[in-house]
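Thanks for coming, everyone. I'll put something up on the screen, and then we'll walk through a few spots together.

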Amino acid sequence: MVGGGEGSFIGAAHRIAARLDDRFELVAGALSSDPARALASGVALGLPGDRCYGGFEQMVACEAQRQGGAEVVAILTPNHLHAPVATACLQHGLDVICEKPLAISLAEAEALVRLSATKRCLFAVTHTYAGYPAIRHARELVASGALGDLRVVQVEYAQDWLATDLEQTGHKQAGWRTDPDRAGPAGALGDIGTHAFHLLCYVSGLAVEEICAEVHTFVPGRQLDDHVQAMLRLQGGARGMLWASQVASGEHNALRLRLYGSRASIRFDQEVPDMLWFAPLGEPAQCLRRGALNSESAAAATRLPPGHPEGWYEALAQLYRDFAELWHARAEGRVAPPWALATPQLHDGRQGLAFIDAVLRSHSAGQRWVRLK
Ligand code: NAD
C-alpha cells in the first residue's frame, strides 16, 4: 500500500475492502509522505518494521525482488503521485490497484497505457460505485436491450463539504484537493466529476464523443473549480448532461444516474444503493432490490441476503474481489468470468483523463463543443 497512513481517508476503507472476502493480506507499505509517520502507521497495522518503507521507490524495488514479496500495490496517495507510483510498479512487474483519477494529465495516463501494454500486469482503477450490485444489474439491463435505444442520460454528483474555504483551516483532504500541484488541473471535476463520468459510461455502455462544458469556482480564493456542468453527445446519438459540485449545500454524496431509452428508463441514487428503479414505458415503475436481482453480475457482487443492508465498503470490496478473480485466472491460464472482467481498469482511468481534458478545453474555448481525445 502506498499512502493510506494515519489520518488518511481512503486508506482504512481499502484495508477493510481488501479483507472483506479474505483474498488479500497487507504485507508492506509506504504509507505516508513523512517517513516517521509511515513507520508508525505500518507498525500500528501490524507490519514488520523492515516492510514499512519511507518512500514508494524503495518499497517497490525491495518488494519486487523479495522472496514472497508484495504482488499487488494499492495506490492511495493524492493524485499527483498516482502515475509516478504506478510507473514504478509496472517497471518492476507489480500489479496495480490505483485510486482515481488515474493521473493528473491525459499525457501521463497515455504513458501508463503504453507502458502497461509491454507488461503482463493487472491494473484496476477504483471507481468504487461500479462495485454496487444495483449498478452491475443496471449495466446488464441496458446491455440486454431492456431500455430500448438510449436517448437521454443524466448524471449528477453533488456534495457540500467544500461549500466554505475549508482548505484554509488546515483540513488535510481539502488542502490537497484544492492545490493544483497535488490535485492536478481539476478540482471537483477530477475528484467527483470523473466518478460521475465513469458511472455514466459504465452503465450506458456508450462512449461520450463530444462535450460542451463550463467549470466554475464559487468559493473566493480557491485555486481550482468546485463546480462543473457539461452537455454531452454520446455514441449512437444519445444526449446527456453531467453536473458535479462540491458546494451544493445540504447534499452529502448525491451521485445519481438516470438513463432514458425508447422502451424504459432506470434511476439509481448512490445514497440508497440497494435499490434500482426500472420504469417501462406505460407501466408502473418497479423498485428492484438487491438480493432479488436476477443477473449474474449482481449475484456475484452480493454477500448478504435481501433486507440486510450492504453499501459503500462492499462496493469497494467488490473491486478487490474482481481483481483477485482476474489475478487467479491469469495464474491458472483461464479466462476470468464476465463479472470480474467488468471491473474498472486502466482504460477507464485513461478515459477519465480524456474527460477532464475535454471539459477544460471546452471551458477555455468559451464553452465550445469539443471532441474527446
Ligand atoms: P488523504 O489526504 O486522506 O490521504 C493521502 C495519503 O497519502 C496520506 O496518508 C499521505 O500521507 C499519503 N501520501 C502523500 N504523499 C505520499 C508519498 N510521497 N508517499 C506515500 N504516501 C504519501 O487523501 P484521501 O482522501 O484518502 O485520497 C487519496 C486518494 O484516494 C485520492 O486520489 C482520491 O481521489 C482517492 N479517493 C477515492 C475515493 C473513491 O471513492 N474511490 C474516495 C476518496 C478518495
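So, which residues are buried in helix 2? Keep in mind that what you're looking at is a predicted model. Helix 2 covers residues 35-44, and the buried ones there are A38, S41 and G42. Look down the axis of that helix and its buried residues fall within an arc of 95°, so they line one face of it. That fits what we know about helices in general: an α-helix has 3.6 residues a turn, so residues three or four places apart point the same way. Now spin round to the other side of helix 2, and you'll find A36 and A44 exposed. Just past the helix comes G46, with a positive phi, near 90°.

Okay, on to the ligand. It has 28 residues around it, and the closest are F9, I10, N79, K100 and Q173. Let me point out some polar atoms. I10 has a backbone N or O atom 2.8 Å from a ligand oxygen. For E99, an N or O atom in the side chain sits 3.0 Å from a nitrogen of the ligand. And T126 puts a backbone N or O atom 3.1 Å from a ligand nitrogen. On its own, the ligand has 850 Å² of accessible area, and the protein covers 92% of that.

Last stop, the surface. I16, L20 and Y313 make a nonpolar patch there of about 260 Å². L20 belongs to helix 1, which spans residues 10-20. Buried or exposed isn't quite the choice for L20: its relative accessibility is 37%, so it counts as partly exposed.

That's my tour.

Terms used. Residues are numbered from 1 along each chain as its sequence is written. This is a predicted model: local features need pLDDT of at least 70, side-chain atom pairs count only at pLDDT 80 or more; totals for chains, interfaces and linings use all residues. Side-chain values use heavy atoms; hydrogens and water are left out. Patches are made of residues with over 30% relative accessible area and no salt bridge: like charges are joined within 9 Å, nonpolar side chains (Val, Leu, Ile, Met, Phe, Trp, Tyr) within 5 Å. Accessible areas come from the Shrake-Rupley method with a 1.4 Å probe; for residues, only the protein chains shown count as cover. A salt bridge is a side-chain nitrogen of Lys or Arg within 4 Å of a carboxyl oxygen of Asp or Glu. Helices (H or I, at least four residues) and strands (E, at least two) are DSSP runs, numbered from the N terminus. Buried means under 20% relative accessible area, exposed over 50%, partly exposed in between (1.4 Å probe, protein chains only). The arc is that of the directions from the helix axis to the C-beta atoms. A residue is near a molecule or strand if one of its heavy atoms lies within 4 Å of it. A polar contact is a pair of N or O atoms within 3.5 Å; within protein, one must be able to donate a hydrogen and the other to accept it, and residues adjacent in sequence count only if both atoms are side-chain atoms.
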